[in-house]
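This report covers the sheets, helix packing and salt bridges of the chain shown below.

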Amino acid sequence: MKVAVTGGSGYLGGRIVRALAADGHAVRVLTRSSTDARRRDQPLSVEWFHGDMRSSRTLAELLQGCQGLVHAGGLVRSPNPEEFQANVVAAQRIASAVEGSETSMAVFVSSAGVFGNCGVTVDETSPHRPDDAYERSKSRAELALMPVVADGRARMMRPAVIMGGYNSLRPLLRLSRRIRSGGVLPVSRRAWTNYVHVDDVATTAVRLLTETDAPDVINVNCPLQLVALIDLLADVLGDSARTVLVPSVVAEVAARIPATFVAQLPRASLARSIVDATRIETRYPGWLYQGVPVETILRRRLTCVIDDYTRQELL
């Protein structure tokens, strides 16, 4: 199969490109830059296509001769909330492009962030409650793409916080510093972290694209209670964490006080919601998350990263 990929020069998109190539597919990657240095990390067989995914003409040309599409492109960070509208515009253009093409199957990469921090367990059928501009843009993008999913020509994937590389672990190093300081850490009993390994997300994208009996929408996640995450970090550091279990409202108040550890962590890492990736098994056997456990991800990577980073900033 020949597969077009948007966002293929990004962190997740690059892993998806390599997974597709390893599975024997021809890959065409849409990129905004004609001289992207990250091409060096991709198979030589990859075809690079220069253009803007918000352009209907570019997308029509991108999909010519392609039987599949993985849409992993999009804006993740910006100081200007209005710029996230680009995610919605791109989704609208891509939906139209797929409907007007001969592409037989598409996979759209959304985000578990569409559920927001609602404080309950959520699954594929739960309503969206986005909290910030990025999450709202992904929610609106899903609305634009869902008609293609309903027609049976696409599938939607919602990964949790994606881990695996050095930069994805840097936010947790701030928590590591707080543990080493010996301060008391107020933690809610209802606080969960929602993580997934980048390679498991890439593998799921390939499966959604190629397998016949696959879910229309799937969450990809391996949840871990926040207090367990703190204990794991402390163990890697060789220290002990001074945690105090408190009601959620107390933890939320503490989050507004700069001196507490909560203010030093990304909000996604402190989500009270649990993104359930297990209920899909009742309808689609074989699709239960069986990837790298979050404990293994963090222990494997943090041991190396902290050893290097400690010498620079933690001590």
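## Sheets, helices and charged pairs

Helix α4 (residues 133-150) lies across β4, β5 (105-109), β7 (154-159) and β11, and runs at about 150 degrees to β7. Helices (H or I, at least four residues) and strands (E, at least two) are DSSP runs, numbered from the N terminus. Contact means heavy atoms within 4.5 Å. Axes are lines fitted to C-alpha atoms, for helices over the stretch in contact, and angles run from 0 to 180 degrees between N-to-C directions.

The model is predicted: local features need pLDDT of at least 70, side-chain atom pairs count only at pLDDT 80 or more, and totals for chains, interfaces and linings use all residues. Residues are numbered from 1 along each chain as its sequence is written, and side-chain values use heavy atoms, with hydrogens and water left out.

The strands crossed by α4 belong to an open sheet of seven strands with parallel pairing, in the order β3-β2-β1-β4-β5-β7-β11; two strands pair if DSSP finds at least two bridges between them. At the edges are β3 (47-50) and β11 (217-220), each of which pairs on one side only. From one strand to the next, the twist averages 20 degrees. Strand β2 (residues 26-31) runs parallel to β3 and is joined to β3 by four bridges; Val29 has Trp48 in β3 as its bridge partner. Helix α2 (residues 56-63) also packs on this sheet, where α2 touches β1 (2-6), β2, β3 and β4 (68-71) and its direction makes about 165 degrees with that of β2.

Helix α4 has a helical partner as well. Helix α3 (residues 85-99) packs with α4 at an angle of about 10 degrees, the axes being 8 Å apart. The two helices are therefore roughly parallel to each other, a term for angles under 35 degrees (over 145 is roughly antiparallel, 65 to 115 roughly perpendicular, and the rest oblique). Residues in the contact include Val88, Ala91 and Ile94 in α3, and Tyr134, Ala141 and Leu145 in α4.

A second open sheet has three strands in the order β8-β10-β12, with mixed pairing. Its edges are β8 (161-163) and β12 (222-225); each has a single partner strand, so one side of each is left without a neighbour in the sheet. Here the twist averages 45 degrees from one strand to the next. Strand β10 (residues 192-197) pairs with β12 in the antiparallel sense over four bridges, and Trp192 has Gln225 in β12 as bridge partner. Helix α6 (residues 198-210) packs on the sheet against β8 and β10, its direction making about 65 degrees with that of β10. Helix α7 (residues 226-237) lies across β10 and β12, at about 80 degrees to β12.

The structure holds seven salt bridges, each a side-chain nitrogen of Lys or Arg within 4 Å of a carboxyl oxygen of Asp or Glu. Three of these pairs are tabulated.

| Pair | N to O distance |
|---|---|
| Glu47 and Arg28 | 3.1 Å |
| Arg54 and Asp52 | 3.0 Å |
| Arg207 and Glu211 | 2.8 Å |

Glu47 lies in β3 and Arg28 in β2, so this pair ties together parts 19 residues apart in sequence. Arg28 counts as buried at 9% relative accessibility, while Glu47 is partly exposed at 29%. Buried means under 20% relative accessible area, exposed over 50%, and partly exposed in between (1.4 Å probe, protein chains only). Arg207 is partly exposed, with 26%, and Glu211 is partly exposed, with 30%. Lys2, Arg28 and Glu47 are joined into one network by salt bridges that share partners.
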